[in-house]
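Hi everyone, thanks for making time this morning. I'd like to walk you through one structure, so please have the viewer open.

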Amino acid sequence: MAATVNVNGRIADQAHAVISVFDHGFLYGEGIYETLRTYGGRPFLFDRHMRRLRASAAMMALRVPLTDEAIASRFRETIAAAALGIDGREAYVRMLVTRGIGELTYDPAACPEPSVVVIVKPQVDPPAEAYEHGVKVALVSIVRNHPGSVNPLIKSNNLLNNALAMQEAFRRGAYEGIMRNFRGELAECTQSNLFIVRDGVAMTPPLDAGLLPGITRAFLFEVGEEAGIRVRESVLRDADLFGADEVFFTSTTRGVVPATRVDDHLIGSGAPGPITNALRLAYDKKAQTSR
């Protein structure tokens, strides 16, 4: 699917968008990113994504060269150039900030100016059957990064850990992969946050289990409170997953997606459960009215 790309203020189609091979985002994976989608043509939960972007940048001493207002303007320009955000055509937006172009060295001083890239393409929701019938997930062998190595709190462009985990899940015919942390606890999925439901309560691993603080994950706590459904953090292990009444995962571009099978194991009745469905409907309604 064709994308429109803004590289340091210059808009191009995906065939002509270029960045130097000497950019440290390419050479060393030194960079961060955020993924957003629009509702009604406006980037959803923009302020929260910007706060997380700047938190990620601070953890690796990376300067974000634009204000939030300038970033919002760059989003609008790129979305408009892609002819999206109008007539119900929603946009997927990915913003990347890298250390920038520099010499072959790890010294940040070699990169005088960070690079900012905005990628925009049409938002594509999961197929309706994913929500109606649920999807298969795999409990993979790849362990989530130890917080003392590459901290999962950083939404880093260096996604090798996630890529290897998702590739294992693909080989097993799964839609998503669930990763454990170094202690053997459940952490998160490769591109989303994990929730299980037991006795009417939705539970998700705590941040200190080594996971990215998902924007949708946090938003779902608010959704649950308004819907009268308890959502809380809890240390989760394999037995909690296989013994769950319901399982679902959340992400910015997919919302709330039910998982009805973990590898060859059916979850609950094998169909999306009432708590998952209630949270999904409440989330969709709130997302359509919140900006």
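I'll start with a sheet and the helix against it, then move to a surface patch and finish at a glycine in a loop. Please keep in mind that this is a predicted model.

So, the sheet. It is an open one with 6 strands, and if you read across it the order is β2-β1-β6-β5-β3-β4, with antiparallel pairing. At the edges sit β2 and β4, the latter being residues 42-43, and each of these two pairs on one side only.

Now look at β3, residues 31-39, and β5, residues 91-98: these antiparallel strands are joined by 7 bridges. If you'd like a place to click, try L36, whose bridge partner in β5 is V93.

What packs on this sheet? That would be helix α3, residues 68-81. Helix α3 touches β1, β2, β3, β4, β5 and β6, and its direction makes about 40° with that of β6.

Let's turn to the surface. There is a nonpolar patch here, formed by V21, F22, F26, I101 and L104. Together these residues have about 530 Å² of accessible area. To find your way there, start from V21, which is in the loop between β2, residues 10-13, and α1, residues 24-28.

Last stop: G243, in the loop that runs between α7, residues 238-242, and β13, residues 246-251. Is G243 buried, partly exposed or exposed? Its relative accessibility is 45%, so G243 counts as partly exposed. From G243 to L266 is 23 residues in sequence, and their C-alpha atoms are 9.7 Å apart in space.

That's my tour, and I'm happy to take questions.

Notes
Residues numbered from 1 in each chain as written. Predicted model: local features only at pLDDT ≥ 70, side-chain atom pairs only at ≥ 80, totals over all residues. Heavy atoms only, no water. Patch = residues over 30% accessible without salt bridge, like charges linked within 9 Å, V, L, I, M, F, W, Y side chains within 5 Å. Areas by Shrake-Rupley, 256 points an atom, 1.4 Å probe, with all protein chains shown as cover. Salt bridge = Lys/Arg side-chain N within 4 Å of Asp/Glu carboxyl O. Helix = DSSP H or I, 4+ residues; strand = E, 2+ residues; numbered from the N terminus. Pairing = 2+ DSSP bridges. Contact = heavy atoms within 4.5 Å. Axes fitted to C-alpha atoms, helices over the stretch in contact; angles between N-to-C directions. Buried < 20%, exposed > 50% of the residue type's maximum accessible area, 1.4 Å probe, protein only.
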